[in-house]
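Student: I am new to this structure and would like to look closely at just one part of it. Could you pick a good starting place and walk me through what surrounds it?

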Amino acid sequence: MRLKKGNIHISCEKFPSGVVTCFSTRLGGKSACGIEGMSPDPWKGQPIEIVRENCAELGAAAGFKAEDMYITSQVHGDTIKKVSVEERGTGLFLPVKMDADALITDKPRVALTIRTADCTPILIYDPVRRAIGAAHAGHKGTALDIAGKTVRRICEEYGSKPQDMYAAIGPCISKCCFETDGDVPVAMKEVLGDAAESAVTEKVIPGKGLKYYVDLKAINKMLLERAGINAENIEIAEHCTYCESNLFWSHRKMGKLRGSLAAVIMLI
């Protein structure tokens, strides 16, 4: 799953019909407040009018409307919000009423939206029961198994079966650039057991000492498989947000003066 020439977003390639998917980039959009490029994020200090215009441009390219979007505040936790039709426009036109790091719905024309800038965005689709989910999995959310919990919540709410589901892991910081201390590998092993070791590499860095490089894409894929999604139904974006900060927002590369990427999924 890669960005195609001429596009401003990435769509899932394996998902069956009946759903709109979108992983945004920095391409396109209106810039403001020192943030150069597409940022559909109401929390980054840009005027809300600019954010709405960016959301409208992104939606026109991907197949949804800004008014369809549900954007909420995220806290690196594991709260999952069930979104109704009446809540469309939250974050852009309606006030946010609760924090959540994963969103689910079975209602058409509700564009579930997760914001990231190095963290791992995950989209989930059950074409049988017609249900969707979107999860924000930074290393803290990954350690809380937000991916697996979202799968299980979709099953509980909508009668879905994991073997019917498809999942996509979008652009995020890749193993090559996600340098951590020992606490992150420990947290990954606590959630995944010894299987996490295959996604972690140790290196001694001059001037820094022992560091760890963690593959959040691989770990979240294992968590999705453990939740019951078939491996062949999981696709992963090849991009690294840190390496390709000309195309994607990266908090580690840019600091606070940056926009955010939007991962969007909507039933049609």
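Tutor: Happily! Let's agree on one word before we begin: two residues are in contact, or touch, when they have heavy atoms within 4.5 Å of each other. Keep in mind, too, that this is a predicted model.

Let's start at phenylalanine 23. Leaving aside residues up to four places away in sequence, Phe23 touches Met1, His9, Ile10, Cys12, Pro121, Leu123, Ala168, Ile169, Gly170, Pro171, Ala262 and Ala263. Phe23 also belongs to the largest nonpolar core, which has 29 residues; together with Phe15, Leu112, Leu123 and Ile265, it is among those that touch the most other members. Strands S2 (19–24), S6 (111–116), S7, S8 and S14 (261–267) each supply at least two residues of this core, and S14 gives the most, with four. There is also a second, separate core of 21 residues, including Ala137, Val151, Tyr158 and Ile229. In soluble globular proteins, nonpolar side chains tend to be buried together.

Now for the sheet. Its six strands form an open sheet with mixed pairing, in the order S4-S5-S8-S7-S9-S13. At the edges are S4 (80–82) and S13 (234–236), each pairing on one side only. From one strand to the next, the twist averages 15°.

Follow S8 more closely. S8 (residues 131–137) runs antiparallel to S7 (residues 120–126), and seven bridges join the two. In their hairpin, four residues lie between the strands, and arginine 130 takes a positive phi near 60°. Threonine 120 has alanine 137 of S8 as its bridge partner, while aspartate 126 faces alanine 131 of S8. Helix H3 (residues 146–158) packs on this sheet, touching S4, S5 (102–105), S7 and S8, and its direction makes about 160° with that of S8. S8 also pairs with S5, again in the antiparallel sense, over four bridges; here leucine 103 stands opposite alanine 134 in S8.

Which way do the residues of S8 point? Ala131, Gly133, Ala135 and Ala137 point one way, whereas Ile132, Ala134 and His136 point the other way. That fits a general pattern: in a regular strand the side chains alternate between the two faces of the sheet. Is S8 mostly covered or mostly uncovered? It is mostly covered, with seven of its seven residues buried.

So there is your route: begin at Phe23, with its contacts, and go on to S8, which S7 and S5 both pair with.

Conventions
Residues numbered from 1 in each chain as written. Predicted model: local features only at pLDDT ≥ 70, side-chain atom pairs only at ≥ 80, totals over all residues. Heavy atoms only, no water. Pairing = 2+ DSSP bridges. Axes fitted to C-alpha atoms, helices over the stretch in contact; angles between N-to-C directions. Core = buried A, V, L, I, M, F, W, Y, C linked by side-chain atoms within 4.5 Å. Buried < 20%, exposed > 50% of the residue type's maximum accessible area, 1.4 Å probe, protein only.
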